[in-house]
Amino acid sequence: MSRGDIKIFACRAGKPFAKRIISELNKILESTGRIVNLGKSKSVSFADGEIKTVIKDSVRGKDVYLVQSFINTNDLSVNDNIMEFLLAANALKRSGPSHINSIIPYLAYSRQDKPKDREPVSASLLAETIERAGIEGIITMDVHSDQIAGFYKNIGFDNLRASMTLINYFKKHKSLDDVVVISPDAGGAKRAKFYAKKLKTDMAIMHKNRNYEKENVVEKTSLLGDVKEKQALIVDDIVDTGGSLVNTIEELYKNNVKTVSVVCTHALLNNHAKEKLDRLYQEGKLEYLAATDTIIQKNNPKWLKEVPVSGLFAQVINNMNMDLSVSELYEQ
Ligand code: R5P
């Protein structure tokens, strides 16, 4: 049974991904004669930095989905984009929808998920704030750690996996001879194990020594496992400044690896990540970095391959709308 009309809205940073979802959703809905368009809304930033969102279409009794990207965009910071999401969610909630869910393809602040001396547990605080905005659930992808789901105590939390999509991309573009799956740190070992099992290959782990006195600094990386004359596939959830990745690749070549390919879910590529990876590509040390479109890049360098996942989000919306299982879509 359908929950009724689907309405998809997007905040400013979420519009490109929302348009992709809508195009995929309309393919799913084609046989039903239903068509979904992007809901009309307007967000403005005032001179003092405040933001306001106005919903222009009626949502009363509708099955609503709000899409937002928690990333830095040209003129809006990640924090602006989170605030705009909260305000839009509140505006929608107050307008009488029958259901309101949200799509946050990359959930920022997820790396701040554990208590440390005099530091916030930002992921938990963000969860409480999002819950207060009044939505029923979050649909996201490859959130940094499993414990984040537990921070959302009162609303749904659907964490989709990019693994099978990325594995299929890798299989299509590489022979599976002498492949070794690499996790850039101990935290990613479970993910790498999953890839190694699906690809029927060995795995190795990097040991990463971070300098927590300095932001974004990885000081030393050492390897546990054998990569000699092998084709390495590095698997990570996030590539941010590229520091972890560059150290991992350099260490693999010190250990006589044959080739290196990389797959990751969220290619944030902040600071000088693109320049660093460009250099490795020019030196022949990086074949490609395949990343999903949870972060849509403006200009794709030659080595950056986009692997779309908007179709998976569209399927989730369709299943929710039809009151069908969503968890069965997690590992596609
Ligand atoms: C760490 O636990 C994550 O899985 C990533 O490896 C890390 O956040 C990437 O950050 P960066 O690219 O700045 O080293």
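Helices and strands here are DSSP runs, numbered from the N terminus. The model is predicted.

## Gln297 and its loop

By that numbering, Gln297 sits in the loop between strand 13 (289–292) and strand 14 (304–307). Is Gln297 buried or exposed? Gln297 is buried, because its relative accessible area is 17% and the cut-off for buried is under 20%. A polar atom of the Gln297 side chain lies 2.8 Å from the backbone oxygen of Ala267. Beyond its neighbours within four places in sequence, Gln297 is in contact with Ala267, Leu269, Lys274 and Leu304. Ala267 therefore appears both as a polar partner and in the contact list of Gln297, a residue that is buried.

## The ligand site

Which residues are closest to the ligand? They are Arg111, Asp236, Asp237, Thr241 and Ser244, out of 14 residues that surround the ligand. By class, this shell has seven charged, five polar and two nonpolar residues.

Three distances to oxygen atoms of the ligand are tabulated below.

| Protein residue | Protein atom | Distance to a ligand oxygen |
|---|---|---|
| Asp237 | N or O atom in the side chain | 2.7 Å |
| Asp240 | polar backbone atom | 2.8 Å |
| Thr241 | N or O atom in the side chain | 2.5 Å |

The protein buries 92% of the 380 Å² that the ligand exposes when taken alone. Three elements give two or more residues each to the shell: strand 9 (202–210), strand 11 (231–239) and helix 7 (243–254). Strand 11 gives the most, with four residues.

## Thr265, in contact with ligand neighbours

Thr265 is found in strand 12. Thr265 counts as buried because its relative accessibility is 1%. Its side chain makes a polar contact of 2.7 Å with the side chain of Asp142. Not counting residues up to four places away in sequence, Thr265 touches Met141, Asp142, Ala162, Leu166, Asp236, Asp237, Ala291, Thr292 and Thr294. Two of these names, Asp236 and Asp237, are also among the residues closest to the ligand.

## Ser145 and Asp113

Ser145 is found in the loop between strand 6 (137–141) and helix 4 (147–151). Ser145 is buried, because its relative accessible area is 13%. A polar contact of 2.6 Å joins its side chain to that of Asp113. Ser145 and Gly188 are 43 residues apart along the chain, yet their C-alpha atoms are separated by 9.4 Å.

## The loop between strand 5 and helix 3

Tyr109 and Val121 both belong here. Tyr109 is found in the loop between strand 5 (99–103) and helix 3 (122–132). Its phi is near 70 degrees, a positive value in a residue other than glycine. Tyr109 is partly exposed, with a relative accessible area of 30%.

Val121 has its place in the loop between strand 5 and helix 3. At 26% relative accessibility, Val121 counts as partly exposed. Leaving aside neighbours within four places in sequence, Val121 is in contact with Gln112, Asp113, Lys114, Pro115 and Phe151. Asp113 is also the polar partner of Ser145. The C-alpha atoms of Val121 and Met1, 120 residues apart along the chain, are separated by 40 Å.

Asn271 also has a positive phi, of about 50 degrees, although it is not a glycine. Asn271 is found in the loop between strand 12 (259–267) and helix 8 (273–282). Is Asn271 buried or exposed? Asn271 is exposed, because its relative accessible area is 58%.

## Nonpolar cores and helix 5

In soluble globular proteins, nonpolar side chains tend to be buried together. Here the largest nonpolar core has 43 residues. Ile8, Ile21 and Phe313 have the most contacts inside it. Phe313 touches Phe17, Ile21, Ile103, Pro105, Ile139, Thr140, Met141 and Leu160, not counting residues up to four places away in sequence. A second, separate core of 37 residues includes Phe9, Ala88, Leu107 and Ile148.

Which residues of helix 5 (residues 163–173) are buried? They are Ser163, Met164, Leu166, Ile167, Tyr169 and Phe170. An α-helix has 3.6 residues a turn, so residues three or four places apart point the same way. The cover over the buried residues of helix 5 includes strand 8 (179–183), helix 6 (189–199), strand 11, strand 12, strand 13 and strand 14. Leu166 of this buried set is also one of the residues that Thr265 touches.

Notes:
Residues numbered from 1 in each chain as written. Predicted model: local features only at pLDDT ≥ 70, side-chain atom pairs only at ≥ 80, totals over all residues. Heavy atoms only, no water. Near = heavy atom within 4 Å. Polar contact = N/O pair within 3.5 Å; in protein donor to acceptor, adjacent residues only side chain to side chain. Areas by Shrake-Rupley, 256 points an atom, 1.4 Å probe, with all protein chains shown as cover. Nonpolar A, V, L, I, M, F, W, Y, C, P; charged D, E, K, R; others polar. Buried < 20%, exposed > 50% of the residue type's maximum accessible area, 1.4 Å probe, protein only. Contact = heavy atoms within 4.5 Å. Core = buried A, V, L, I, M, F, W, Y, C linked by side-chain atoms within 4.5 Å.
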